[in-house]
Amino acid sequence: MTVERGITGVVDALAAAPRLLVALDFDGTVAPLVDDPSASRVAPDAAAALARLRPLSATWVAFVSGRPLDALAQLTQAGADALLIGSHGVEVSLRGEVAELALSDDEQARLARLRAALEPLVAAVPGARLEHKPVGYGVHTRRVEDPAPVPGLQAAAREAAAQVGGFTARLGKDVLEFSVRDVTKGDGVRMLRELLERESGGAVAVLYAGDDVTDEDAFAVLDAARGDLGVKVGAGETRAAVRVADIPAFAALLDRLATARGASSLAP
């Protein structure tokens, strides 16, 4: 698959940035959505393009995901130098250095109360699943065959979280998540840029790509004046400047970026 003609120029301009961070959501962006989360893998074409990008000069690849950090590291086969943001910005691993979450007693108590409230609600809807995350819970409905009870389940879950208090709710594709830490993917992208700019001593342009509602927080921190580019994968309203149809189309974009950046690094 080739990159759409109207996007090629934008990608080639990004490829010429002196320093570039390629920050990516995982599910639905480089890995197909699947019923079994543990079975997800980066699509071969996307993996090949990322493998070409990683060794290029002044180029960094990072993953920014709603998945817990340990699962994200396993699925991306992250090496020792990986830049990973998990749990929508809450969990951070920078080249093997994992930031300590240090949940307070109050946060732990609220999480326990929320779990006790959510478990019977989820159990009452066949196919629904409750995911325990380091700082919250996700109510998954992807496997629910009859969609009729889903709005009621989500409303009841929101009410349960409101009664406990102190949770941030995020609605994504077939999942409603609650977190005791009000941190977003945008915070994760900002953190990564600041780290790389300190290390490299210069401005870093950012390509961020994602497919879900939660990726809009990351798109919001991008700045076209700094050379940044947001790419929305799939349908839906977005702040991103560019949209591609699906994972294969985004893999083609990454491949074009790798080719153009590789050529730019060889130019005199």
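This report describes a mixed sheet, its strand pairings and the helices that pack around it.

The model is predicted, so that local features need pLDDT of at least 70 and side-chain atom pairs count only at pLDDT 80 or more, whereas totals for chains, interfaces and linings use all residues. Residues are numbered from 1 along each chain as its sequence is written, and side-chain values use heavy atoms, with hydrogens and water left out.

Helices (H or I, at least four residues) and strands (E, at least two) are DSSP runs numbered from the N terminus, and two strands pair if DSSP finds at least two bridges between them. An open sheet of 8 strands has the order E5-E4-E3-E2-E1-E10-E11-E12, with mixed pairing. Its edge strands, E5 (97-98) and E12 (242-244), each pair on one side only.

Three of the pairings are listed here.

| Strands | Sense | Bridges | Opposite residues |
|---|---|---|---|
| E2 (residues 59-64) and E3 | parallel | 3 bridges | Val64 and Ile85 |
| E3 and E4 (residues 91-94) | antiparallel | 4 bridges | Ile85 and Val92 |
| E10 (residues 205-210) and E11 (residues 229-233) | parallel | 4 bridges | Tyr208 and Gly230 |

From strand E3 (residues 83-86), Leu83 and Ile85 point one way and Leu84 and Gly86 the other way, and all are buried, which is to say under 20% relative accessible area with a 1.4 Å probe and protein chains only. In a regular strand the side chains alternate between the two faces of the sheet. The chain reaches E3 from E2 through helix H3 (residues 69-75), and this β-α-β crossover is right-handed, meaning that, with the strands pointing away from the viewer, the path from the first strand over the helix to the second runs clockwise. In the hairpin of E3 and E4, with 4 residues between the strands, Ser87 takes a positive phi near 55°.

Two helices, H4 (residues 105-123) and H5 (residues 150-164), pack at an angle of about 160°, with their axes 9 Å apart; axes are lines fitted to C-alpha atoms, for helices over the stretch in contact, and angles run from 0 to 180 degrees between N-to-C directions. H4 is therefore roughly antiparallel to H5, a term for angles over 145 degrees. The contact (heavy atoms within 4.5 Å) involves residues including Arg110, Leu114 and Leu118 of H4 and Leu153, Ala157 and Val164 of H5.

Note on methods: Buried means under 20% relative accessible area, exposed over 50%, partly exposed in between (1.4 Å probe, protein chains only). Angles under 35 degrees count as roughly parallel, over 145 as roughly antiparallel, 65 to 115 as roughly perpendicular and the rest as oblique.
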